[in-house]
Amino acid sequence: MIYLLLTWLCWPVVRLFSRSPSTVPKRILVIQRAKIGDAICSTPVFRSLSLQFPDVEIDVLAGPAAKDILKTNPHLSRVEVWADADLAGWRGKWRLINMLRIRRYDIVFCLNVGLIYPLACFWSGIPLRYAVRPNFLGTTYRLACSLWTAMETHDGCRLIGDTYGALLRRAGVGHIDASKEVFPAPKAASKVATFLTGSHRPRIGIGVGAGNKLKALRPEMLGNILAGLFEARPDSIPVLIGTTGDQEVAKDLIAQFPGRTILNACGIFELDEMPALLQQFDAYLGVDSGITYMADALGIPLVSVAGPCNMQETRPTGPKAVVIQKFPPCAPCAHIFRAPYRCATGDLACLRSIQADEVVAALCSLLPEMDSGR
C-alpha cells in the first residue's frame, strides 16, 4: 500500500513528465508471467498485435516457466524473463521501472494481476496502459486500477481468450484470431525421431504430472487407465509425459506392465521440443496443464480431466477435445485469477469421482480404427 500512496502523491509530477501517445507505436509490451498453459492461451494476443502492427516490436515480460515456449514464437521480438525474486522489494520494482523506461514502450497490455504492474507501467511513463481486470480482486489492486488507461473485466463464465480479445478491441486492434499456437525448436524433430525409433502407431501421450499437484491424476488412477487402455487397444503405445521430477512415478507405472511397450519421455525433452513430440501422437491424455494446452494448440485429439478447474474460462477448444469433469458441491474451485494449491475439503472428490474406464473410453473414441491384421 505504501507504494500506491507514494504514487498518488507524486501523480502530478509523474504525469508532467509522461510521454504523449504515439500515432504510430514503435514498441509494445505484453505482460504475461504466468505458467505454460496461460502463456499458450495468450498466443492469440501476440499474433493479433503482429497483424495489426506489422512493423512494431512486440515484447513479452515472461516468467521462467514459459520462457522456452515463448522464445520460439515468431511474433515476438524479445522475451524479457523475470522471476518473482527479480521483482521483490523496492530494488526489484525500481529495476523494472528502469527497464520499461529504457525500452520506451508506447503501449502495454497486462494479462496478469499484481500491484507492481500498474505502478511500474505508470512510473515508467508508458502512454497507453491496458489491463485485464480480474474477477477476484483485492482491495489494494482495486485502488490501483485507476493507473491503467483502460481495463477489460474478466467474467468467469467466458473464456479468458475472449477477455483478451475484448481488451485488444478496446485498444483499437481489429485483426483478432482466437486460435492458440506453439512452435517447436528447430532441431526438435530429429531428437523426437530418434526417441520414437522402433515404435508404431497409435501413440498416446499420457501426462503424468502437473505444475499444480491439486490437478494431477493419482498414480493408481494412471495405472488403471493404462490397464484399461491395453485391454481396449492392445495395439497402442503409451508415451508418458512429464518433468524430471515425474520420472520415478513413470518408472513405477512401467514396472506394473512387464512385456508391454511404454515409452518414458519424462525429463527427456525441453519445453520447446515438446510440440514436435506431441505432433507424433494420435491422442493425448492430460489434466488442466500446459502440455494439454500445447496439444490443443497443435490440434491433437485429446482428453482433458478437468478436476477442480473452471472450464468455462479455460479449456481445450479443439474440435477433437473431450473434457471429463465431475461437480461435487465444492467444484470448481480453481480459477484463472484464484488457483488454490490444496484441496479445501481434503478428499479431492472432483478427481476421485472420475473412473478410469470413462477416461479410457474417451481416449479410444479419438483413436483410429484398430488394424485387425496387426
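Which elements do the buried residues of α8 pack against? Keep that one in mind while you get your bearings.

This is a predicted model, where local features need pLDDT of at least 70 and side-chain atom pairs count only at pLDDT 80 or more, while totals for chains, interfaces and linings use all residues. Numbering starts from 1 along each chain as its sequence is written, and side-chain values use heavy atoms, with hydrogens and water left out.

**Whole chain**

Start with everything in cartoon. You should find 15 helices and 12 strands; these are DSSP runs numbered from the N terminus, helices being H or I of at least four residues and strands E of at least two. The C-alpha trace spans about 75 × 45 × 35 Å along its principal axes. Colour by burial next: 52% of the 374 residues are buried, where buried means under 20% relative accessible area, exposed over 50%, and partly exposed in between (1.4 Å probe, protein chains only).

**Helix α8**

Now select residues 160-170, which form α8. Show side chains for its buried residues: Ile160, Thr163, Tyr164, Gly165, Ala166, Leu167 and Leu168. Here is the answer to the opening question: they pack against the strands β1 (27-32), β4 (107-110), β5 (128-133) and β6 (150-153), plus the helices α2 (36-41) and α3 (43-52). Contact here means heavy atoms within 4.5 Å. Step past the end of α8 to Gly172, whose phi is positive, near 90 degrees.

**The six-stranded sheet**

Next, pick out the open sheet with the order β9-β8-β7-β10-β11-β12, where the pairing is parallel. Two strands pair if DSSP finds at least two bridges between them. Go to the edges: β9 (263-264) and β12 (321-324) each have a single partner strand, so one side of each has no neighbour in the sheet. Further in, zoom on β10 (residues 283-287) and β11 (residues 302-305), which run parallel and are joined by four bridges. To see one bridge pair, select Tyr284 and its partner in β11, Leu302.

**Out to a loop**

From β7 (203-207), head along the loop that leads to α10 (219-232) and stop at Lys213. Is Lys213 buried or exposed? Lys213 is exposed, because its relative accessible area is 55%. Now draw a distance from Lys213 to Arg201: the two are 12 residues apart in sequence, and their C-alpha atoms are 30 Å apart in space.
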